[in-house]
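Let's take a walk through a protein together, one piece at a time. Keep the sequence and the picture side by side as you read.

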Amino acid sequence: MVYQDREKLAKLFEAEVERFQAAHPKSFAKHQVALGPMMSGVPMSWMAKWPGGFPVYVDNAKGARFTDVDGIEYVDFCLGDTGAMVGHSPDASVQAIAKQLAQGITLMLPTEDATVAAQTLADRFGVPKWQFTLTATDANRHILRYARHVTGRSKIVVHDYCYHGTVDETFANLDDHGVTVSRQNNIGPQVDPAHTTIVVPFNDLEAAEAAFATGDVAAMLIEPAMTNIGIVLPQPGYLEGLRTLTQKYGVILIHDETHTLSEGPGGMTARRHLHPDAVVLGKTIGAGIPAGAFGMSEELTKRVTDSLHLEHIDVGGVGGTLAGNALSMAAVAATLTQVLTPEAFVAMEALCDVWTADVQAIIEEFDAPWQVSQLGCRAEYSFRSSAPLTGREAANADDFELPQYLHLHALNRGILMTPFHNMALMSPAHTAEDVARHTEHFREAVASLFG
Ligand SMILES: Cc1ncc(COP(=O)(O)O)c(C=O)c1O
(Lines give C-alpha, C1' and ligand atoms only; values in the text may rest on other atoms or scores of the structure.)
Protein backbone atom coordinates (compact mmCIF):
# COMPACT_ATOMS: atom_id res chain seq x y z
CA MET A 1 0.00 0.00 0.00
CA VAL A 2 1.59 3.21 -1.13
CA TYR A 3 -0.66 5.60 0.82
CA GLN A 4 -0.74 4.82 4.52
CA ASP A 5 -3.76 6.68 5.92
CA ARG A 6 -6.40 4.30 4.55
CA GLU A 7 -9.11 5.60 6.86
CA LYS A 8 -8.68 9.11 5.55
CA LEU A 9 -8.61 7.80 1.97
CA ALA A 10 -11.83 5.83 2.51
CA LYS A 11 -13.58 8.91 3.92
CA LEU A 12 -12.41 11.13 1.09
CA PHE A 13 -13.59 8.54 -1.44
CA GLU A 14 -16.99 8.19 0.21
CA ALA A 15 -17.58 11.94 -0.02
CA GLU A 16 -16.67 11.89 -3.73
CA VAL A 17 -19.02 8.95 -4.37
CA GLU A 18 -21.89 10.86 -2.75
CA ARG A 19 -21.13 13.95 -4.80
CA PHE A 20 -20.87 11.89 -7.99
CA GLN A 21 -24.14 10.02 -7.44
CA ALA A 22 -26.07 13.20 -6.60
CA ALA A 23 -24.87 14.87 -9.81
CA HIS A 24 -25.59 11.96 -12.20
CA PRO A 25 -29.23 10.80 -11.85
CA LYS A 26 -29.66 10.25 -15.59
CA SER A 27 -26.49 8.16 -15.96
CA PHE A 28 -27.63 6.16 -12.94
CA ALA A 29 -31.05 5.51 -14.50
CA LYS A 30 -29.51 4.38 -17.80
CA HIS A 31 -27.16 2.06 -15.96
CA GLN A 32 -30.09 0.47 -14.08
CA VAL A 33 -31.72 -0.40 -17.42
CA ALA A 34 -28.40 -1.66 -18.85
CA LEU A 35 -28.01 -4.09 -15.95
CA GLY A 36 -30.86 -6.10 -17.53
CA PRO A 37 -29.31 -7.29 -20.80
CA MET A 38 -25.57 -6.84 -20.16
CA MET A 39 -23.15 -8.49 -17.77
CA SER A 40 -22.41 -5.88 -15.07
CA GLY A 41 -24.52 -3.46 -17.14
CA VAL A 42 -21.69 -2.63 -19.54
CA PRO A 43 -20.83 -3.64 -23.13
CA MET A 44 -17.36 -4.83 -22.08
CA SER A 45 -16.54 -6.10 -18.61
CA TRP A 46 -13.69 -3.68 -17.83
CA MET A 47 -16.08 -0.70 -18.11
CA ALA A 48 -17.49 -1.83 -14.76
CA LYS A 49 -14.25 -0.64 -13.12
CA TRP A 50 -15.05 3.08 -13.34
CA PRO A 51 -15.32 4.48 -9.81
CA GLY A 52 -18.58 5.88 -8.43
CA GLY A 53 -20.87 2.85 -8.69
CA PHE A 54 -21.86 3.29 -12.35
CA PRO A 55 -20.28 4.77 -15.49
CA VAL A 56 -21.06 8.19 -16.93
CA TYR A 57 -23.20 8.10 -20.08
CA VAL A 58 -21.98 10.41 -22.83
CA ASP A 59 -24.36 12.60 -24.77
CA ASN A 60 -21.88 14.22 -27.13
CA ALA A 61 -18.10 14.31 -27.60
CA LYS A 62 -16.12 16.69 -29.79
CA GLY A 63 -12.44 17.60 -29.74
CA ALA A 64 -11.04 17.48 -26.19
CA ARG A 65 -14.41 17.67 -24.46
CA PHE A 66 -17.62 15.74 -23.96
CA THR A 67 -20.96 16.33 -22.26
CA ASP A 68 -22.77 13.66 -20.30
CA VAL A 69 -26.50 12.96 -20.21
CA ASP A 70 -26.79 14.99 -16.99
CA GLY A 71 -25.52 18.05 -18.85
CA ILE A 72 -22.05 18.14 -17.26
CA GLU A 73 -19.10 19.04 -19.50
CA TYR A 74 -15.73 17.34 -19.12
CA VAL A 75 -12.20 17.84 -20.41
CA ASP A 76 -11.15 14.43 -21.66
CA PHE A 77 -7.54 13.44 -20.93
CA CYS A 78 -8.39 9.74 -21.32
CA LEU A 79 -9.28 10.03 -24.99
CA GLY A 80 -10.46 6.45 -25.19
CA ASP A 81 -7.09 5.32 -23.81
CA THR A 82 -5.45 6.50 -27.08
CA GLY A 83 -8.34 5.41 -29.34
CA ALA A 84 -9.27 9.10 -29.63
CA MET A 85 -5.82 10.65 -29.27
CA VAL A 86 -6.66 12.75 -32.33
CA GLY A 87 -9.53 14.32 -30.36
CA HIS A 88 -13.15 13.24 -30.67
CA SER A 89 -14.57 13.21 -34.18
CA PRO A 90 -12.05 15.51 -35.89
CA ASP A 91 -13.66 17.23 -38.88
CA ALA A 92 -11.29 15.92 -41.57
CA SER A 93 -11.70 12.30 -40.43
CA VAL A 94 -15.46 12.63 -40.08
CA GLN A 95 -15.79 14.04 -43.60
CA ALA A 96 -13.73 11.22 -45.12
CA ILE A 97 -15.57 8.58 -43.08
CA ALA A 98 -19.01 9.99 -43.97
CA LYS A 99 -18.07 10.10 -47.64
CA GLN A 100 -16.92 6.47 -47.62
CA LEU A 101 -19.94 5.36 -45.57
CA ALA A 102 -22.16 6.44 -48.43
CA GLN A 103 -19.96 4.75 -51.04
CA GLY A 104 -19.47 1.24 -49.68
CA ILE A 105 -18.13 0.07 -46.34
CA THR A 106 -16.44 -3.24 -47.02
CA LEU A 107 -15.72 -5.01 -50.29
CA MET A 108 -12.85 -7.50 -49.99
CA LEU A 109 -11.14 -5.27 -52.56
CA PRO A 110 -8.48 -2.64 -51.93
CA THR A 111 -9.15 1.09 -52.15
CA GLU A 112 -6.63 3.81 -52.95
CA ASP A 113 -6.87 5.04 -49.34
CA ALA A 114 -4.99 1.91 -48.25
CA THR A 115 -2.04 2.88 -50.44
CA VAL A 116 -2.07 6.43 -49.06
CA ALA A 117 -2.19 5.12 -45.48
CA ALA A 118 0.58 2.56 -46.07
CA GLN A 119 2.84 5.05 -47.85
CA THR A 120 2.37 7.61 -45.06
CA LEU A 121 3.28 5.03 -42.42
CA ALA A 122 6.26 3.83 -44.48
CA ASP A 123 7.57 7.40 -44.79
CA ARG A 124 7.07 8.15 -41.11
CA PHE A 125 8.39 4.94 -39.55
CA GLY A 126 11.04 4.03 -42.11
CA VAL A 127 9.49 0.55 -42.35
CA PRO A 128 8.51 -0.08 -45.96
CA LYS A 129 5.72 -2.68 -46.23
CA TRP A 130 2.36 -2.48 -44.37
CA GLN A 131 -0.70 -4.63 -43.75
CA PHE A 132 -3.94 -3.62 -42.04
CA THR A 133 -6.10 -5.24 -39.39
CA LEU A 134 -9.00 -4.06 -37.25
CA THR A 135 -7.13 -3.79 -33.95
CA ALA A 136 -3.61 -3.52 -32.59
CA THR A 137 -4.20 -6.86 -30.88
CA ASP A 138 -4.75 -8.51 -34.27
CA ALA A 139 -1.69 -6.78 -35.70
CA ASN A 140 0.41 -8.18 -32.83
CA ARG A 141 -1.06 -11.66 -33.23
CA HIS A 142 -0.39 -11.68 -36.95
CA ILE A 143 3.18 -10.48 -36.82
CA LEU A 144 3.96 -13.02 -34.08
CA ARG A 145 2.58 -15.78 -36.32
CA TYR A 146 4.72 -14.60 -39.22
CA ALA A 147 7.76 -14.48 -36.95
CA ARG A 148 7.28 -18.07 -35.78
CA HIS A 149 6.49 -19.15 -39.33
CA VAL A 150 9.64 -17.75 -40.94
CA THR A 151 12.07 -18.57 -38.13
CA GLY A 152 10.71 -22.04 -37.35
CA ARG A 153 11.14 -21.19 -33.67
CA SER A 154 8.41 -21.35 -31.05
CA LYS A 155 9.03 -18.76 -28.36
CA ILE A 156 8.27 -15.09 -27.91
CA VAL A 157 10.16 -12.79 -25.55
CA VAL A 158 8.21 -10.02 -23.81
CA HIS A 159 8.79 -7.62 -20.94
CA ASP A 160 7.62 -8.30 -17.42
CA TYR A 161 4.29 -6.44 -16.87
CA CYS A 162 3.86 -5.68 -20.55
CA TYR A 163 0.48 -5.28 -22.21
CA HIS A 164 -0.02 -5.72 -25.96
CA GLY A 165 -3.75 -6.30 -26.13
CA THR A 166 -5.37 -9.71 -25.68
CA VAL A 167 -2.45 -11.64 -27.18
CA ASP A 168 -2.16 -15.02 -25.46
CA GLU A 169 1.64 -15.22 -25.44
CA THR A 170 1.95 -11.94 -23.55
CA PHE A 171 -0.02 -12.90 -20.43
CA ALA A 172 3.05 -14.00 -18.52
CA ASN A 173 5.14 -12.56 -15.72
CA LEU A 174 8.32 -13.33 -13.85
CA ASP A 175 7.79 -14.86 -10.42
CA ASP A 176 9.94 -13.98 -7.39
CA HIS A 177 12.61 -16.44 -8.60
CA GLY A 178 12.79 -14.99 -12.12
CA VAL A 179 10.81 -17.86 -13.67
CA THR A 180 8.23 -17.19 -16.42
CA VAL A 181 4.74 -18.00 -15.16
CA SER A 182 1.17 -17.36 -16.22
CA ARG A 183 -0.01 -13.88 -15.19
CA GLN A 184 -2.03 -13.85 -11.98
CA ASN A 185 -5.26 -12.65 -13.61
CA ASN A 186 -4.91 -14.63 -16.86
CA ILE A 187 -8.46 -15.69 -17.80
CA GLY A 188 -8.69 -19.21 -19.26
CA PRO A 189 -5.37 -19.48 -21.13
CA GLN A 190 -5.31 -22.05 -23.96
CA VAL A 191 -1.87 -23.24 -22.85
CA ASP A 192 0.39 -22.25 -20.00
CA PRO A 193 2.29 -19.21 -21.37
CA ALA A 194 5.45 -20.68 -19.85
CA HIS A 195 5.40 -22.94 -22.95
CA THR A 196 5.17 -20.07 -25.42
CA THR A 197 6.93 -17.18 -23.75
CA ILE A 198 10.11 -16.03 -22.05
CA VAL A 199 9.67 -12.96 -19.88
CA VAL A 200 12.55 -10.56 -19.21
CA PRO A 201 12.68 -7.36 -17.16
CA PHE A 202 12.64 -4.04 -19.02
CA ASN A 203 16.05 -2.37 -19.29
CA ASP A 204 17.87 -5.68 -18.79
CA LEU A 205 20.04 -6.59 -21.79
CA GLU A 206 21.68 -9.48 -19.99
CA ALA A 207 18.35 -11.20 -19.39
CA ALA A 208 17.35 -10.60 -23.01
CA GLU A 209 20.57 -12.17 -24.27
CA ALA A 210 20.12 -15.19 -22.00
CA ALA A 211 16.65 -15.69 -23.48
CA PHE A 212 17.89 -15.37 -27.08
CA ALA A 213 20.77 -17.76 -26.41
CA THR A 214 18.29 -20.61 -25.88
CA GLY A 215 17.94 -20.66 -29.69
CA ASP A 216 14.13 -21.04 -29.34
CA VAL A 217 13.14 -17.40 -29.75
CA ALA A 218 11.26 -16.30 -32.88
CA ALA A 219 10.55 -12.72 -31.86
CA MET A 220 10.77 -10.13 -29.16
CA LEU A 221 7.66 -7.99 -28.87
CA ILE A 222 8.25 -4.72 -27.05
CA GLU A 223 6.83 -1.33 -26.37
CA PRO A 224 9.95 0.86 -26.75
CA ALA A 225 8.80 2.49 -23.50
CA MET A 226 6.37 0.61 -21.28
CA THR A 227 3.06 2.46 -21.04
CA ASN A 228 0.67 0.00 -19.49
CA ILE A 229 2.11 -0.21 -15.98
CA GLY A 230 2.60 3.51 -15.81
CA ILE A 231 5.38 4.86 -18.00
CA VAL A 232 8.75 3.07 -17.81
CA LEU A 233 11.32 4.79 -19.99
CA PRO A 234 14.27 3.02 -21.62
CA GLN A 235 17.72 3.61 -20.20
CA PRO A 236 20.23 5.07 -22.69
CA GLY A 237 21.44 2.28 -24.99
CA TYR A 238 18.74 -0.25 -24.05
CA LEU A 239 16.76 -0.12 -27.30
CA GLU A 240 19.91 -0.02 -29.44
CA GLY A 241 21.29 -2.94 -27.42
CA LEU A 242 18.16 -4.98 -28.10
CA ARG A 243 18.56 -4.32 -31.80
CA THR A 244 22.16 -5.54 -31.77
CA LEU A 245 21.28 -8.66 -29.79
CA THR A 246 18.20 -9.58 -31.82
CA GLN A 247 20.30 -9.32 -34.98
CA LYS A 248 23.04 -11.44 -33.45
CA TYR A 249 20.60 -14.24 -32.55
CA GLY A 250 18.28 -13.97 -35.59
CA VAL A 251 15.34 -12.83 -33.47
CA ILE A 252 12.66 -10.66 -35.09
CA LEU A 253 12.30 -7.38 -33.21
CA ILE A 254 8.79 -5.91 -33.11
CA HIS A 255 8.05 -2.40 -31.83
CA ASP A 256 4.46 -2.13 -30.67
CA GLU A 257 3.93 1.63 -31.01
CA THR A 258 0.20 1.61 -30.34
CA HIS A 259 0.74 3.93 -27.35
CA THR A 260 4.29 5.20 -27.89
CA LEU A 261 3.09 6.89 -31.07
CA SER A 262 2.66 9.71 -28.55
CA GLU A 263 6.32 10.59 -29.19
CA GLY A 264 5.71 11.76 -32.73
CA PRO A 265 4.36 10.94 -36.18
CA GLY A 266 6.88 8.09 -36.53
CA GLY A 267 6.67 7.08 -32.86
CA MET A 268 9.77 6.32 -30.86
CA THR A 269 11.11 4.33 -33.81
CA ALA A 270 11.63 7.42 -35.97
CA ARG A 271 12.33 9.90 -33.20
CA ARG A 272 15.12 7.75 -31.76
CA HIS A 273 16.41 6.51 -35.12
CA LEU A 274 15.62 2.86 -34.38
CA HIS A 275 15.39 0.05 -36.91
CA PRO A 276 13.12 -2.80 -35.81
CA ASP A 277 12.03 -5.57 -38.17
CA ALA A 278 8.38 -4.72 -37.62
CA VAL A 279 6.16 -1.99 -36.16
CA VAL A 280 2.61 -2.35 -34.83
CA LEU A 281 -0.02 0.41 -34.61
CA GLY A 282 -3.70 0.72 -33.83
CA LYS A 283 -6.28 2.63 -31.85
CA THR A 284 -6.03 6.26 -32.93
CA ILE A 285 -4.80 5.89 -36.52
CA GLY A 286 -8.41 5.73 -37.75
CA ALA A 287 -9.67 8.37 -35.29
CA GLY A 288 -11.34 5.51 -33.41
CA ILE A 289 -12.82 3.68 -36.41
CA PRO A 290 -11.43 0.16 -35.89
CA ALA A 291 -8.04 -0.09 -37.60
CA GLY A 292 -4.70 -1.66 -36.77
CA ALA A 293 -1.54 -1.98 -38.84
CA PHE A 294 1.77 -3.77 -38.95
CA GLY A 295 4.76 -2.74 -40.99
CA MET A 296 7.65 -4.99 -41.97
CA SER A 297 11.17 -4.50 -43.28
CA GLU A 298 11.93 -5.51 -46.90
CA GLU A 299 13.84 -8.53 -45.62
CA LEU A 300 11.07 -9.78 -43.37
CA THR A 301 8.48 -9.14 -46.07
CA LYS A 302 10.49 -11.25 -48.51
CA ARG A 303 10.84 -14.09 -46.00
CA VAL A 304 7.08 -14.02 -45.44
CA THR A 305 6.05 -13.87 -49.08
CA ASP A 306 8.61 -16.51 -50.12
CA SER A 307 7.22 -18.90 -47.52
CA LEU A 308 3.53 -18.58 -48.32
CA HIS A 309 1.49 -20.19 -51.06
CA LEU A 310 -1.28 -18.08 -52.56
CA GLU A 311 -3.53 -21.13 -52.49
CA HIS A 312 -3.47 -21.32 -48.69
CA ILE A 313 -3.18 -17.70 -47.74
CA ASP A 314 -6.76 -16.99 -46.57
CA VAL A 315 -7.12 -19.56 -43.80
CA GLY A 316 -3.62 -19.72 -42.34
CA GLY A 317 -4.28 -17.74 -39.18
CA VAL A 318 -3.45 -14.29 -40.54
CA GLY A 319 -6.42 -12.38 -41.85
CA GLY A 320 -9.91 -11.20 -40.97
CA THR A 321 -12.79 -10.56 -43.38
CA LEU A 322 -13.13 -6.90 -42.44
CA ALA A 323 -9.36 -6.23 -42.33
CA GLY A 324 -8.38 -3.41 -44.69
CA ASN A 325 -12.05 -2.51 -45.30
CA ALA A 326 -12.80 0.64 -47.26
CA LEU A 327 -14.22 2.54 -44.29
CA SER A 328 -11.25 1.88 -42.01
CA MET A 329 -8.84 2.78 -44.78
CA ALA A 330 -10.63 6.06 -45.49
CA ALA A 331 -10.46 6.87 -41.79
CA VAL A 332 -6.75 6.04 -41.53
CA ALA A 333 -5.72 7.90 -44.69
CA ALA A 334 -7.55 11.08 -43.67
CA THR A 335 -6.55 10.93 -40.01
CA LEU A 336 -2.86 10.40 -40.69
CA THR A 337 -2.52 12.99 -43.42
CA GLN A 338 -4.89 15.70 -42.15
CA VAL A 339 -5.16 15.36 -38.36
CA LEU A 340 -2.19 13.51 -36.93
CA THR A 341 0.29 15.73 -38.74
CA PRO A 342 3.86 16.50 -37.62
CA GLU A 343 2.72 20.04 -36.70
CA ALA A 344 -0.09 18.67 -34.53
CA PHE A 345 2.41 16.58 -32.57
CA VAL A 346 4.53 19.64 -31.79
CA ALA A 347 1.56 21.42 -30.20
CA MET A 348 0.36 18.30 -28.36
CA GLU A 349 3.77 17.75 -26.81
CA ALA A 350 4.19 21.40 -25.82
CA LEU A 351 0.92 21.25 -23.92
CA CYS A 352 1.95 17.99 -22.29
CA ASP A 353 5.18 19.69 -21.13
CA VAL A 354 3.00 22.14 -19.20
CA TRP A 355 0.76 19.39 -17.75
CA THR A 356 3.85 17.48 -16.60
CA ALA A 357 5.58 20.52 -15.09
CA ASP A 358 2.41 21.50 -13.21
CA VAL A 359 1.96 17.99 -11.78
CA GLN A 360 5.63 17.79 -10.78
CA ALA A 361 5.45 21.21 -9.07
CA ILE A 362 2.42 20.15 -7.01
CA ILE A 363 4.09 16.86 -6.05
CA GLU A 364 7.05 18.88 -4.77
CA GLU A 365 4.92 21.51 -3.06
CA PHE A 366 3.22 18.84 -0.92
CA ASP A 367 6.27 16.63 -0.65
CA ALA A 368 4.24 13.70 -2.00
CA PRO A 369 6.45 10.62 -2.65
CA TRP A 370 5.30 10.55 -6.29
CA GLN A 371 6.83 11.32 -9.68
CA VAL A 372 5.67 12.05 -13.20
CA SER A 373 7.05 10.69 -16.50
CA GLN A 374 6.38 12.02 -19.98
CA LEU A 375 6.46 10.43 -23.41
CA GLY A 376 5.68 13.10 -26.00
CA CYS A 377 2.00 13.98 -25.65
CA ARG A 378 1.41 11.32 -22.96
CA ALA A 379 2.28 11.74 -19.28
CA GLU A 380 1.56 9.77 -16.14
CA TYR A 381 2.32 10.12 -12.46
CA SER A 382 3.18 7.15 -10.27
CA PHE A 383 3.10 6.58 -6.53
CA ARG A 384 6.87 6.29 -6.08
CA SER A 385 9.50 8.96 -5.69
CA SER A 386 11.80 7.97 -8.57
CA ALA A 387 11.04 6.88 -12.13
CA PRO A 388 10.74 3.07 -12.34
CA LEU A 389 13.31 1.14 -14.37
CA THR A 390 11.28 -2.06 -14.72
CA GLY A 391 7.65 -3.12 -14.91
CA ARG A 392 7.96 -4.81 -11.55
CA GLU A 393 9.21 -1.63 -9.86
CA ALA A 394 6.26 0.21 -11.36
CA ALA A 395 3.82 -2.52 -10.31
CA ASN A 396 5.10 -2.43 -6.72
CA ALA A 397 3.96 1.19 -6.53
CA ASP A 398 0.44 0.31 -7.64
CA ASP A 399 -2.61 0.88 -5.48
CA PHE A 400 -6.27 0.21 -6.30
CA GLU A 401 -8.17 2.60 -3.98
CA LEU A 402 -5.88 5.62 -4.35
CA PRO A 403 -6.39 6.13 -8.10
CA GLN A 404 -10.10 5.31 -7.68
CA TYR A 405 -10.29 8.35 -5.39
CA LEU A 406 -8.18 10.54 -7.65
CA HIS A 407 -10.21 9.60 -10.73
CA LEU A 408 -13.52 10.30 -9.03
CA HIS A 409 -12.18 13.57 -7.63
CA ALA A 410 -11.25 14.52 -11.18
CA LEU A 411 -14.59 13.40 -12.63
CA ASN A 412 -16.45 15.50 -10.05
CA ARG A 413 -14.51 18.52 -11.25
CA GLY A 414 -15.16 17.95 -14.95
CA ILE A 415 -12.06 15.95 -15.88
CA LEU A 416 -11.82 12.43 -17.29
CA MET A 417 -8.56 10.61 -16.59
CA THR A 418 -7.62 7.24 -18.09
CA PRO A 419 -9.00 4.43 -15.95
CA PHE A 420 -6.52 2.01 -14.34
CA HIS A 421 -3.82 4.66 -14.95
CA ASN A 422 -2.83 8.13 -13.77
CA MET A 423 -2.32 9.08 -17.36
CA ALA A 424 -3.20 12.11 -19.46
CA LEU A 425 -3.04 12.41 -23.22
CA MET A 426 -3.10 15.66 -25.18
CA SER A 427 -4.99 15.78 -28.47
CA PRO A 428 -4.63 18.48 -31.12
CA ALA A 429 -7.82 19.97 -29.66
CA HIS A 430 -6.61 20.49 -26.06
CA THR A 431 -5.89 24.00 -24.80
CA ALA A 432 -3.94 25.63 -22.00
CA GLU A 433 -7.26 26.21 -20.23
CA ASP A 434 -7.91 22.45 -20.22
CA VAL A 435 -4.53 21.80 -18.64
CA ALA A 436 -5.19 24.52 -16.03
CA ARG A 437 -8.43 22.78 -15.08
CA HIS A 438 -6.50 19.60 -14.39
CA THR A 439 -3.82 21.46 -12.43
CA GLU A 440 -6.49 22.95 -10.16
CA HIS A 441 -8.09 19.56 -9.47
CA PHE A 442 -4.74 17.83 -8.94
CA ARG A 443 -3.58 20.44 -6.43
CA GLU A 444 -6.83 20.12 -4.50
CA ALA A 445 -6.64 16.30 -4.52
CA VAL A 446 -3.00 16.15 -3.43
CA ALA A 447 -3.71 18.73 -0.70
CA SER A 448 -6.58 16.56 0.57
CA LEU A 449 -4.18 13.61 0.90
CA PHE A 450 -0.98 15.30 2.09
CA GLY A 451 -1.97 18.83 3.17
C1 LIG B 1 0.81 -1.33 -26.39
C2 LIG B 1 -0.52 -1.88 -26.79
N3 LIG B 1 -0.59 -2.69 -27.85
C4 LIG B 1 -1.75 -3.20 -28.27
C5 LIG B 1 -2.92 -2.91 -27.60
C6 LIG B 1 -4.19 -3.51 -28.07
O7 LIG B 1 -5.06 -2.56 -28.61
P8 LIG B 1 -6.54 -3.02 -28.93
O9 LIG B 1 -7.17 -3.33 -27.62
O10 LIG B 1 -7.14 -1.83 -29.59
O11 LIG B 1 -6.43 -4.20 -29.81
C12 LIG B 1 -2.89 -2.10 -26.48
C13 LIG B 1 -4.12 -1.79 -25.73
O14 LIG B 1 -4.14 -1.10 -24.74
C15 LIG B 1 -1.66 -1.56 -26.06
O16 LIG B 1 -1.56 -0.77 -25.00
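Which residue in the hairpin of β1 and β2 takes a positive phi? That's G63, with a phi near 60 degrees, in a hairpin that has two residues between the strands.

## Before we go on

What you're looking at is a predicted model, where local features need pLDDT of at least 70 and side-chain atom pairs count only at pLDDT 80 or more, while totals for chains, interfaces and linings use all residues. Residues are numbered from 1 along each chain as its sequence is written, and side-chain values use heavy atoms, with hydrogens and water left out.

## The hairpin and its sheet

Back to that hairpin. Strand β1 covers residues 58–62 and strand β2 covers residues 65–68; the two run antiparallel, joined by four bridges. Here, helices (H or I, at least four residues) and strands (E, at least two) are DSSP runs, numbered from the N terminus. Two strands pair if DSSP finds at least two bridges between them. If you want to spot one bridge by eye, find N60, whose partner in β2 is T67.

Now zoom out a little. The hairpin strands belong to an open sheet of four strands, in the order β1-β2-β3-β15, with mixed pairing. The edges are β1 and β15 (415–416), each of which pairs on one side only. Strand β3 (residues 73–76) pairs with β15 in the parallel sense, over two bridges. One residue pair to look for there is V75 with its bridge partner I415 in β15.

## Salt bridges

Side chains of opposite charge can pair when their charged atoms come close. A salt bridge here is a side-chain nitrogen of Lys or Arg within 4 Å of a carboxyl oxygen of Asp or Glu. The structure holds 21 of these salt bridges. Take K62 and D91, whose side chains meet at 2.7 Å, N to O. This pair links distant parts of the chain: K62 sits in strand β1 and D91 in helix α3 (residues 91–101), 29 residues apart. K62 has a relative accessible area of 42%, so this residue is partly exposed. (Buried means under 20% relative accessible area, exposed over 50%, and partly exposed in between, using a 1.4 Å probe and protein chains only.)

Next up are R148 and E169, with a salt bridge of 2.5 Å, N to O. R148 lies in helix α5 (residues 136–151) and E169 in the loop between β5 (155–159) and β6 (172–174), so the pair ties together parts that are 21 residues apart in sequence. R148 is partly exposed at 24% relative accessibility, whereas E169 is buried at 12%. K302 and D306 also form a salt bridge, at 2.6 Å, N to O. Both lie in helix α9 (residues 298–307), four residues apart, which is about one turn of the helix. K302 and D306 are both exposed. And there's a network, too: salt bridges that share partners join R65, E73, E433, D434 and R437.

## Around the ligand

Which residues come nearest to the ligand? Of the 13 residues around the ligand, these are T137, N228, D256, H259 and K283. (A residue is near a molecule if one of its heavy atoms lies within 4 Å of it.) Helix α5 gives the most to this shell, with three residues.

Some side chains reach oxygen atoms of the ligand with polar atoms: T137 at 2.6 Å, N228 at 2.9 Å and H259 at 3.2 Å. Taken alone, the ligand exposes 390 Å², and the protein buries 85% of that. These areas come from the Shrake-Rupley method with a 1.4 Å probe; for residues, only the protein chains shown count as cover.

## Cysteines without a bond

How many disulfides does the structure hold? Zero. A disulfide would be a pair of cysteine sulfur atoms within 2.5 Å. For C352, the closest cysteine sulfur is in C377, 6.4 Å away, so the two are too far apart for a bond. C352 is buried, with a relative accessible area of 0%, and C377 also counts as buried at 0% relative accessibility.

## One last threonine

Finally, look at T180, found in strand β7 (residues 180–182). T180 counts as buried, at 15% relative accessibility. A polar atom of the T180 side chain lies 3.0 Å from the backbone nitrogen of V199.

Notes: A polar contact is a pair of N or O atoms within 3.5 Å; within protein, one must be able to donate a hydrogen and the other to accept it, and residues adjacent in sequence count only if both atoms are side-chain atoms.
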